[in-house]
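Q: Please take a close look at how two helices pack against each other in this model, and then at the nonpolar core and the cysteines.

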2 protein chains.
Amino acid sequence: MTTPPLVDSQAGDRSVQASRFLDLVAPKLLAAEEVFRRHLDSDVPFIHKAGIYIRQGGGKRIRPALLLLAARLLGHDSEEEVTYAAVVEFIHNATLIHDDIIDHAHLRRGQPTLNHLWGNNLTVLLGDWIYTKAMQMALSHGQLEVVQRLCAATLKMTEGELMALERLGAIDLTVEEYFEIVDRKTAHLFAAACSIPSLIPPQRPEAGQVLAHYGRALGTCFQIVDDLLDFTSRESEIGKPVLSDLKEGKLTLPLILLLSRVAPAERRLIQTVLDERGFERVAPQQILDVVAREGTLAEAAEIAEVYAARAQQELEIFPPGDALEALEFAPDFVLHRRS
Amino acid sequence: MTTPPLVDSQAGDRSVQASRFLDLVAPKLLAAEEVFRRHLDSDVPFIHKAGIYIRQGGGKRIRPALLLLAARLLGHDSEEEVTYAAVVEFIHNATLIHDDIIDHAHLRRGQPTLNHLWGNNLTVLLGDWIYTKAMQMALSHGQLEVVQRLCAATLKMTEGELMALERLGAIDLTVEEYFEIVDRKTAHLFAAACSIPSLIPPQRPEAGQVLAHYGRALGTCFQIVDDLLDFTSRESEIGKPVLSDLKEGKLTLPLILLLSRVAPAERRLIQTVLDERGFERVAPQQILDVVAREGTLAEAAEIAEVYAARAQQELEIFPPGDALEALEFAPDFVLHRRS
């Protein structure tokens, strides 16, 4: 069994590199943050209040960073990509807000969720408002195709969530179904973020296609790693308890891979957690022990690496430059992130 | 006390007229229904299943009818207005779907609600999907301003719902707050529906502004009447129990108008229903008796008539024609509808 690459002795070096790659678009990310702040507000008191709370909650801003790097790669330097960077983060936030309602989540990034603080009702409407605001902002530069791409990605996302929900608690979820869900719920918005700059005039359809492929592979990698972190990270790092996914009835790659191999008694351990949606009769450590013995964290990590490499290969058509280097580095950053 | 105009001896005549005014756009309404059917579908099993259910549920299709009449008034005859007619009905349906979750409603138009049948989680996501699909459909004719107008109306709607929710159960809701909520949650989408045809080339900005004013006044009239029907209609007519609004904690015009005049004991009756969100200690008839004595149904109906007349006055700039006649008749239809 190889050591999972998630346990990484070079994590320190990489975080230096990560800050360097974000430095490239730091002023634009700040500008996007300002657009985000300005538009996440309204004369409706609850939107104002919740908007401040959401902004304070932060986030990795990985989608805006990728969008701004892709824009730089294509030689754009205008307010347009800044707006779109804020828009993808708006859409991502709206999704999280509705997902947290559905998952009955109490914590997100270590902070109480909106639904936990203000109840489901206000929160459903706030999510609607943010989705619509995102589309309105995206329209502001008159690029219809940008909004088309965002709508298409948002539809895929919602479909992915619906598919996941329909199979919630199912122990027979297949690897194919898992990847179909990941593709829709995560990869398409990454693809949209990376390819939208190609729609800013002068349009670059071929580059756009390549960047969409890059984003889609990177998004898949991102989600596999996200699912791995649910096994490997401490609550202090990702802001939610270990094995939250399983507790919510969600089977992810490390468990799907081992279910076909393990003894019926071990399968029943997992079935029990799925059924009771909690760790009453089974301890998290019992599940973690089976996973460790079967080595499926390393296997899943290897699959994530394949997607990371696929993303990097896509970029070969572009001439060298700092934005290219940063985009080439992004899959490594995603693979080795700890939160 | 005057007889409320809702109790109308000419209802028979009016329903003949209503069918005549719908006849004008009947083929287009059918075409819009087909667009609605075709787009309310997906390879995700739940969307397919829920889509069939939503279509079977029907609806008054008043927003599409108004949009198609406004298009006819402006001389348009293309697939474009048919798409937009389906789009406004999509948006309206998405709102209803999320509202029913928030209101914990079990019945809509006499049928079990989606949330009652399939739970809140799938239903939240379905609403998101329909909102996004609506925007995608609206983009299909390349008219950016149409999507802008729809986004603006949808934001207003969500804000209206949020404002209503923040004041849910409040006995001190003012007439001004009531109209602000009605304007945002209902009138703006009516205004969008009526004015969108003016954005189809050749654009007619002045006509668009007039039609927006018409729609906004008509929408306000529609909502006041909707709120009145909660007092006057039987469950068999509107498909939900009498005084549902009050039971859900929503104060509407007839009660707001009388609260400042009645004795403390009667005020406490209303407070009790608002507090317990039900009719445990107060019978619906006790409330209805106070309302009848104070005559505020007639007062609210008179206010609705003012808005109906205002809508009709807006249309004076247009030359005579069948579409104009139908639009002039629409406020009467809205005022005197029984469901």
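A: The helix pair comes first, followed by the core and the cysteines.

The model is predicted. Two packed helices are described by the angle between their axes and the distance between the axes. In chain A, the axes of helix α3 (residues 45-57) and helix α7 (residues 120-139) come within 11 Å and cross at roughly 80°. Angles of 65 to 115 degrees count as roughly perpendicular, and α3(A) and α7(A) are therefore roughly perpendicular to each other. On the α3(A) side the contact is made by A:Phe46, A:Ile47, A:Ala50 and A:Ile54, which meet A:Leu122, A:Leu126, A:Trp129 and A:Ile130 of α7(A). The residues of this contact are eight nonpolar, no polar and no charged.

The largest nonpolar core has 238 residues. Those that touch the most other members are A:Leu251, A:Ile270 and A:Ile287, along with B:Leu251, B:Ile270 and B:Ile287. Leaving aside residues up to four places away in sequence, A:Leu251 touches A:Ile270 and A:Leu274, and also A:Ala170, A:Ile171, A:Leu173, A:Tyr178, A:Leu246, A:Ile256 and A:Leu259.

Over all chains the structure holds zero disulfides. A:Cys221 is in none, and the nearest cysteine sulfur, that of A:Cys194, lies 12 Å away. A:Cys221 counts as buried because its relative accessibility is 0%. In chain B, the sulfur of B:Cys194 is 12 Å from the closest cysteine sulfur, in B:Cys221, which is too far for a bond; a disulfide needs the two sulfur atoms within 2.5 Å. B:Cys194 is buried too, with a relative accessible area of 1%.

Note on methods
Residues are numbered from 1 along each chain as its sequence is written. Chains are lettered from A and ligands numbered from 1 in the order in which they are written. This is a predicted model: local features need pLDDT of at least 70, side-chain atom pairs count only at pLDDT 80 or more; totals for chains, interfaces and linings use all residues. Side-chain values use heavy atoms; hydrogens and water are left out. Axes are lines fitted to C-alpha atoms, for helices over the stretch in contact, and angles run from 0 to 180 degrees between N-to-C directions. Helices (H or I, at least four residues) and strands (E, at least two) are DSSP runs, numbered from the N terminus. Angles under 35 degrees count as roughly parallel, over 145 as roughly antiparallel, 65 to 115 as roughly perpendicular and the rest as oblique. Contact means heavy atoms within 4.5 Å. Ala, Val, Leu, Ile, Met, Phe, Trp, Tyr, Cys and Pro count as nonpolar, Asp, Glu, Lys and Arg as charged, and the others, Gly among them, as polar. A nonpolar core is a set of buried Ala, Val, Leu, Ile, Met, Phe, Trp, Tyr and Cys residues joined through side-chain atoms within 4.5 Å. Buried means under 20% relative accessible area, exposed over 50%, partly exposed in between (1.4 Å probe, protein chains only).
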